[in-house]
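Student: I've got a protein chain open and would like to talk it through with you. Can we take it piece by piece?

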Amino acid sequence: MVSLKIDREDFKRLLKEKGLKMTRQRLVVLEVLAESSGQHLTAEEIYERIKAANPDIGLATVYRTVQLLLELGLIDRINLDDGFARYEIGDVDGKHRHHRHHHLICLKCGKVAAFQEDMLEALETGVREALGFQVTDHEVKLYGYCRGCSEQEKRQNQEEET
């Protein structure tokens with residue numbers, strides 16, 4: 001698990017620019033997501049991580065805060081086709097907004113892995129040149145079987161053959 005550092009002063013400045021105040025609740029939600037970089041948390045999971053140390057923060061506050069952070073572009077919403085809206089830290093330093101990481105989703109165990117490789121640059125260039133459409137972002141989800149599930153399936157098939 002990767003942990004990102006949130007610059008409180010930058011966060012305070014960004015909120016002020018939007019006419020908002022920095023509250024402890026907003027900071028706590030953002031910090032939980034930064035500490036959970038690489039994970040894909042639901043609002044309920046964020047709340048579960050917050051409530052022990054912050055019993056005064058309710059689930060409704062987490063939902064409102066997540067929506068605000070999403071609108072500010074500090075977090076990203078991800079749909080992993082499991083019926084839940086999931087969130088992860090986004091562009092906290094203003095330098096990495098163009099492309100996100102992509103996701104590999106195992107159809108057997110449901111494990112989700114992220115990967116950074118961006119193999120779509122040539123496609124985006126072709127789309128821009130051929131159609132005049134400037135791609136600003138994309139999201140890739142690849143479905144299949146993780147290494148563990150693939151190896152388990154292979155062992156089971158070998159056992160059945162003997």
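**Helix 4 and its surroundings**

Tutor: Let's start with helix 4 in this predicted model: Thr61, Val62, Thr65, Val66, Leu68, Leu69 and Leu70 are its buried residues.

Student: What do the buried residues of helix 4 pack against?

Tutor: Those buried residues include Val62, Val66 and Leu69. Their partners are both helices and strands: helix 1 (8-17), helix 2, helix 3, strand 1 (75-79) and strand 2 (85-89).

Student: How far does helix 4 reach from its first C-alpha to its last?

Tutor: Helix 4 covers residues 59-71, so 13 residues, and the expected span is 1.5 Å times one less than that number. That gives an expectation of 18 Å, and the model comes close to it, at 19 Å.

Student: Which residue just after helix 4 takes a positive phi?

Tutor: Helix 4 ends at residue 71. Just past that end, a phi of about 80° belongs to Gly73.

Student: Are helix 2 and helix 3 roughly parallel or roughly perpendicular?

Tutor: Helix 2 (residues 24-35) and helix 3 (residues 43-51) have axes 10 Å apart, at an angle of about 105°. Angles of 65 to 115 degrees count as roughly perpendicular. So the description for helix 2 against helix 3 is roughly perpendicular.

Student: How many charged residues does the contact of helix 2 with helix 3 have?

Tutor: Helix 2 brings Val28, Val29, Val32 and Leu33, while helix 3 brings Ile46, Arg49 and Ile50. By class there are 6 nonpolar residues and no polar ones. Arg counts as charged, and the number of charged residues is 1.

Student: Is His103 buried or exposed?

Tutor: His103 sits in strand 3 (residues 102-106). Among the residues it touches are His40, Ile78, Leu80, Glu88, Phe115 and Leu142. Buried means under 20% relative accessible area, and His103 has 3%, so it is buried.

Student: What separates the C-alpha atoms of His103 and Gln116?

Tutor: Along the chain, His103 and Gln116 are 13 residues apart. In space, their C-alpha atoms are separated by 8.8 Å.

Student: Zooming out, what pattern does the protein chain follow along the sequence?

Tutor: There are 6 helices and 5 strands to place. Read along the sequence, they give α-α-α-α-β-β-β-β-α-β-α.

Student: What share of the residues in the protein chain is buried?

Tutor: The protein chain exposes about 10,600 Å², with carbon and sulfur atoms supplying 51% of that area. Out of 162 residues, the buried share is 35%.

Key:
Residues numbered from 1 in each chain as written. Predicted model: local features only at pLDDT ≥ 70, side-chain atom pairs only at ≥ 80, totals over all residues. Heavy atoms only, no water. Helix = DSSP H or I, 4+ residues; strand = E, 2+ residues; numbered from the N terminus. Buried < 20%, exposed > 50% of the residue type's maximum accessible area, 1.4 Å probe, protein only. Areas by Shrake-Rupley, 256 points an atom, 1.4 Å probe, with all protein chains shown as cover. Axes fitted to C-alpha atoms, helices over the stretch in contact; angles between N-to-C directions. Parallel < 35°, antiparallel > 145°, perpendicular 65-115°, else oblique. Contact = heavy atoms within 4.5 Å. Lists of a residue's contacts leave out its neighbours within four places in sequence.
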